[in-house]
Amino acid sequence: MIAFAATHRTVLNRLMMNRILTTAAVFYCLIAANTSLAQSLTGREIMERTDDNQRSISDSSFNRMQLSTCRFGIKDVKITCAERPRVKALESVGKNYGPNRRDTKSVTIVLEPAAERGIGMLSYSYDESGRDNETWLYLSALGRVKRIASGNSEDDSEPASVFGSEFTTEDTETGKLEEYEITLLEETIESGRDVWKIEMVPNKERARKTRYSKVIQYIDKERFVSLRTEMYDQYAKEIKRLMASRVELVNGAWTARSLTMMNLVTNRLSNMAFLEIHTGIEIDDNFLTQRTLEDVAFRETELEKLRNQLQ
Amino acid sequence: MRKHVAHAIGAAALWVSYSPLLFAQDEPLVLDDDVIFDGDLGFGIPSDAIPTDFDASFDDVFDNPFDVANESEQPIPAWLEGFTVKLSQQVLFQTKTHLAGVTLANGQRINMPHLADIETNRMGANIRYQYAFAPGWLLQASAQARLFLYDDYEFEANNQSFETEYRLNEFFFQRSFGSHSVKLGNQTVVWGEVDGNSVLDVINITEFRDFSIIDIEDARLNQPMLVWDYFGDLFGERSQVSTFVTLYPEYNPPIVRGSPFYFEPPNALVDYKRGKSLDFEGGIKWSRSFSGSDVSLMAARLIENQLRYSAPPNPTDDALSTNNTYTLFGVSANRAFGKLLLNLDLAYSAGIVVSSFNIPGFAGSNTTDLRHDQLGVSFGLEYAIDNEQNIALSVQGQKMVDDNESSQFALNDDVSGVWLMRYSNSLMNSDLALAISMQGDIDAEYTILQASADRTLNDHWAAGINLIVLEGVETTPIALFEGDIRVGFSITYTF
């Protein structure tokens, strides 16, 4: 029974440190543009353009995802998983609210593995500066919905891991470009594609909140997809690298459906595969409330309605 | 007393202080430009060598999640998908041979030799089932089976033969429609915000059978109830009203024979003999969420979970058991400040019997039937130290608030209560979870320390080890176990 409790507390702790996966992750990876841009765009303009597209893609969305994590090693100059990956299957629903629809409410449910099946997390993310994001989760061991304190991107410097993976909320964050000095370094080639290489250096205020001293983005010039992102620590050492693949046209926008985050300090990597991305879904506002976490009959009924919309 | 305070503070300080050193950041791996990912098309490959169909990269490593062919050709029927089964093997050792003892109020000293030995050795199966069999309908159930093996105290108590135990935990039907939800059957109702140490978490009964169960989350038992929840905005935006009623109140089960908590009573402790009068419990809770905070108000008519036993007229008969009805009024609230969460529970219990059981598994030996009103407070904080580490602290205090001059045996004329601390550190993407928890009374007379390490090996297998150390002064019931050191191992398979 101790192990049982510990297992659930592990899940709890894991989730207590985690914030919402749904839209933030989608925001980050679904960097796309629907028009071609002139060569004269600045780095900031490129990133602003992508931000606008990100929000449009994530609104009223229903996604199915697979989150895989493993320790990696280098063998014959190849990076491979050194162990069998741990895999989680997730379903998430998100919707934008508020002024300019920049606030997001979302629910994420764990489908697999069996030990974590049914764990649900509800998150309200607010665009307003200084307003804390809110997260609740339901664990059967606790028998109730629990508010989670994990900080937010505005006030706290420690990023939160997404479902125990190498993705953190900071990695998946969007917007707040005014907090960075953005420089277009060069035009180059990445993964066989023409890209802009853009450097993002946090300003003084942002520097207090982030563990990265700078971020280098490689943005596909045609598709506006970030193909590679390098994160550097305060000693200018690269500590994480994000690689995007499976760039596809989904619902009119170019989208990276597979993201791999490599932690170069712990030698562990996580892959987030967006198996299904559906946008423009009609979502009942009541679904994005605490009721969905504890009222399973209600949740399953509403999820079935959403699934029916996909057909 | 100071010794236990010092132990608790010292252990916590050491753990927190050295964790950053133990898990300090290593030098980051520097990836050479010629490094590629699994022979596929990853980063670092010279650009002129990369085909245009780069989208295949990484997928193979993760069993190619996009490959439709990977999906099962014969889907599992919906009614079968709801099963989650966990098989486990657990062993708990008391590792220290020594003499423990307790001094009674009359000065009598009772010594008990403790031998290093296996305390629990059991296999278990936990089955959970959840099936939404029609729109708005749900069946949820859970059950457990135990097989007590060699040297388990239940094996020993059963004349050294294998003993089995089966229990149906949850079993309820749920119907949700509109803003309403109704659940009927065996279930739990949890009130209060302070995890594991709330004065409001008194609805369901508990069973602390041995030292493998020292957290209330594991000890809570389901009870037959009718629960109605209303999720509309009739009582305020983002509000909820929850009610419960049970016509068949249950009571904390007696300690099983052979358990380390078991003592031979002069008269057998048997189940409560129900009379013709209607016993029932019921309550209502209103809760509402505000930005950064949740607030709840509640009231209930309850029957104390612990029965009172008294000597029968005929010394050879079973002990007489009586119950006690009381009224509970409660308030709970939380407030999040970034990574800090504060929790507060207040409980006013009108008409409870004087006696409190702050030590799991023990019943007081000199209780009184005098009824008092009691004010209880639980305060807790949770703090996410960083991405991997979390700490929770809570303290619970109770005090009688009415003066009853006839009370000559008032045990709780002062503030009594317990404190609890939990610290956790998750590593390897949470595949390795380290945790330490300590609890004790606010008079610092006893301390229970538990440290655990749980390793998730893969999606099915997990293993854990834990250490339990007990320290208590001679006049507390925990003194019967003072100096005990327990080490436990468990392995589980979940599918």
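Among contacts in chain A of this predicted model between residues at least 6 apart in sequence, 54% link residues that lie at least 24 apart. The chain contains 6 helices and 14 strands, and of its 311 residues 59% are buried. For the model as a whole, the scores are an ipTM of 0.77 and a pTM of 0.78.

In chain B, the average pLDDT is 81, and 80% of the residues score at least 70. When the elements of chain B are ranked by mean pLDDT, the lowest value, 54, belongs to helix α1 (residues 2-22) of chain B, and the highest, 96, to strand β8 (residues 180-187) of chain B. Over residues 38-57 of chain B the pLDDT is below 50, although the model gives this stretch 46 contacts beyond near neighbours in sequence. Residues 356-367 of chain B likewise stay under 50 in pLDDT, and for them the model has 27 contacts beyond four places in sequence.

Helix α6 of chain A comprises the 15 residues 296-310, which at 1.5 Å a residue should span 21 Å, and the distance of 21 Å between its end C-alpha atoms therefore agrees with expectation. Buried positions in α6(A) are Val296(A), Ala297(A), Phe298(A), Arg299(A), Glu300(A) and Glu302(A). The cover over the buried residues of this helix includes α5 (291-294) of chain A and, from chain B, β5 (117-134), β6 (137-148), β7 (163-177) and β8. Strand β8 of chain B, included in that cover, is also the element of chain B with the highest mean pLDDT.

Several features of backbone geometry fall in loops. In chain A, the peptide bond joining Glu112(A) and Pro113(A) is cis, with omega of about 5°, and Pro113(A) is placed in the loop between β4 (103-112) and β5 (120-125) of chain A.

In chain B, Asn159(B), a residue other than glycine, has a positive phi, near 55°, and lies in the loop between α3 (153-157) and β7 of chain B. Asn159(B) counts as exposed because it has 7 C-beta neighbours inside 10 Å, where the cut-off for an exposed residue is 12 or fewer. Met428(B), which is not a glycine either, has a positive phi of about 55° and is located in the loop between β19 (416-427) and β20 (432-441) of chain B. With 17 other C-beta atoms within 10 Å, Met428(B) is partly exposed, since this category lies between the limit of 12 or fewer for exposed residues and that of 20 or more for buried ones.

Key. Residues are numbered from 1 along each chain as its sequence is written. Chains are lettered from A and ligands numbered from 1 in the order in which they are written. This is a predicted model: local features need pLDDT of at least 70, side-chain atom pairs count only at pLDDT 80 or more; totals for chains, interfaces and linings use all residues. Helices (H or I, at least four residues) and strands (E, at least two) are DSSP runs, numbered from the N terminus. Two residues are in contact if their C-beta atoms, placed from the backbone, lie within 7 Å. pLDDT is the predictor's confidence in each residue, from 0 to 100. The expected span of a helix is 1.5 Å times one less than its number of residues.
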